[in-house]
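Biologist: I am new to this protein and would love a close look at a single part of it. Could you pick one buried spot, walk me through its surroundings, and then show me what else is worth finding in the model?

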Amino acid sequence: MSAGQQPGTLLEAIRYFADLDVATEFVAKLRWPHGPVCPRCGSVEHSYLSTRRIWKCKGCKKQFSVKLGTIFEDSPLGLDKWLPAVWLVANSKNGISSHELGRSLGVTQKSAWFMLHRIRLAMQTGSFDKLDGEVEVDETYIGGKARNMHPGVRKQKITGTGGHNKSVVLGIRQRDGETRAGVVSDVKRRTLQGHVTHHVTPGAAVYTDLHSAYSGLDETYAHEVVDHAERYVDGRAHTNGLENFWSLLKRGLHGTYVSVEPFHLFRYLDERLFAYNLRELNDFGRFAAALAAASGRRLTYAELTGQD
Ligand SMILES: [Zn+2]
């Protein structure tokens with residue numbers, strides 16, 4: 001496909017992918033740049049049944065669609081719904097709710113909810129390289145506001161200790177590089193420093209706040225502490241990048257997701273991290289990145305709802 005044919009806006013994407021032949025070819029080219037490969041046996045020998053948009057493999061003699069082995073597998077919804085959904089999620093500024101997605105696509109809220117979670121799974125970065133150079137580390141608290149809760153749930157939670165239903169999110173950001181964040185079990189020294197050593201190359205410059213859990217990091221890193229109370233920004237020693245990300249994240253959480261179950265919080269985080277890390281790309285670029293990541297990932301309804 002030439003650059004001039006690429007959709008540039010959501011409306012163009014909806015029109016473009018409304019043609020299932022176009023949508024299928026688009027995903028096939030992205031998934032198999034050198035031609036279709038059987039997801040079951042790896043054979044490249046096949047015939048295409050254009051009326052059904054499926055390939056018949058000459059290796060294992062089975063049929064496969066472009067959806068097999070991707071987040072779209074087993075979904076009765078066509079790529080004409082899925083691709084605009086990926087576009088919407090990859091490019092939403094403050095996140096998108098399942099109600100909003102359902103209305104936009106003309107599918108039920110339940111279907112939209114499942115689509116959202118599958119797309120978020122694709123957006124997980126899955127990068128295992130350690131961060132290096134100048135690295136900011138900061139933690140924040142995220143919790144449902146009582147006024148947004150269902151009355152029964154509120155009654156249950158109010159009786160607990162203050163802040164009990166808050167989740168701790170730890171962020172690690174390489175300046176001019178990737179930002180990572182995840183829900184952590186607590187703010188104990190061993191927990192936080194375990195994540196830092198897992199994600200950051202020894203010897204890197206690490207900037208944190210005064211939290212005592214970070215003391216001792218100077219044994220492994222060039223550790224510098226940011227004292228917010230002093231309103232003191234010593235040239236390089238600040239965590240402004242992460243604080244910027246936290247404010248974007250919280251704007252999305254409070255504005256769009258009325259209540260986020262702690263169980264699902266990490267998926268919302270993945271979505272926001274995806275948008276943040278690819279903020280230099282245009283809408284088509286973010287869409288293509290999310291779609292490329294959609295291959296080879298699967299999430300069942302049971303996994304999502306914890307019914308395993
Ligand atoms: Zn095969």
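Modeller: Let's begin with the contacts of Leu101: setting aside the neighbours within four places in sequence, Leu101 touches Ala85, Leu88, Ile96, Ala112, Met115 and Leu116. Please keep in mind that this is a predicted model. Leu101 itself is part of helix α4, which covers residues 98-105. Its relative accessibility is 0%, so Leu101 counts as buried, the limit being under 20%. One of its contact partners is Ala85; these two residues are 16 apart along the chain, and 7.2 Å separates their C-alpha atoms.

From there, you can move to the zinc ion. Its protein donors are the SG atoms of Cys38, Cys41, Cys57 and Cys60, lying 2.3 Å from the metal. Along the sequence, these donor residues follow the spacing C-x2-C-x15-C-x2-C. Two of the donors, Cys41 and Cys60, link distant parts of the chain, with their positions 19 residues apart. Cys41 sits in the loop between α2 (20-31) and β1 (46-49), while Cys60 belongs to the loop between β2 (54-57) and β3 (63-64). The arrangement around the zinc ion is tetrahedral because the 4 donor atoms subtend angles of 100 to 117 degrees, and four donors count as tetrahedral if all angles lie between 85 and 135 degrees. How exposed are these two cysteines? Cys41 has a relative accessible area of 40%, so it is partly exposed, and Cys60, with 24%, is partly exposed as well.

Now follow the chain to the sheet. Here 5 strands form an open sheet in the order β6-β5-β4-β7-β8, and their pairing is mixed. At the edges are β6 (179-184) and β8 (222-226), each of which pairs on one side only. On average, neighbouring strands of this sheet are turned by 25 degrees against each other, direction ignored. To see one pairing in detail, look at β7 (residues 205-209) and β8: they run parallel and are joined by 5 bridges. Within this pairing, Thr208 has Val225 in β8 as its bridge partner. Helix α7, residues 189-199, packs on the sheet and touches β4 (134-143), β5 (166-174) and β6. If you compare directions, that of α7 makes about 30 degrees with that of β5.

Key
Residues numbered from 1 in each chain as written. Predicted model: local features only at pLDDT ≥ 70, side-chain atom pairs only at ≥ 80, totals over all residues. Heavy atoms only, no water. Donors = N, O, S within 2.8 Å, 3.2 Å for Na, K, Ca; no water. Tetrahedral: all angles 85-135°; square planar, octahedral: opposite > 155°, others 65-115°. Helix = DSSP H or I, 4+ residues; strand = E, 2+ residues; numbered from the N terminus. Buried < 20%, exposed > 50% of the residue type's maximum accessible area, 1.4 Å probe, protein only. Pairing = 2+ DSSP bridges. Axes fitted to C-alpha atoms, helices over the stretch in contact; angles between N-to-C directions. Contact = heavy atoms within 4.5 Å.
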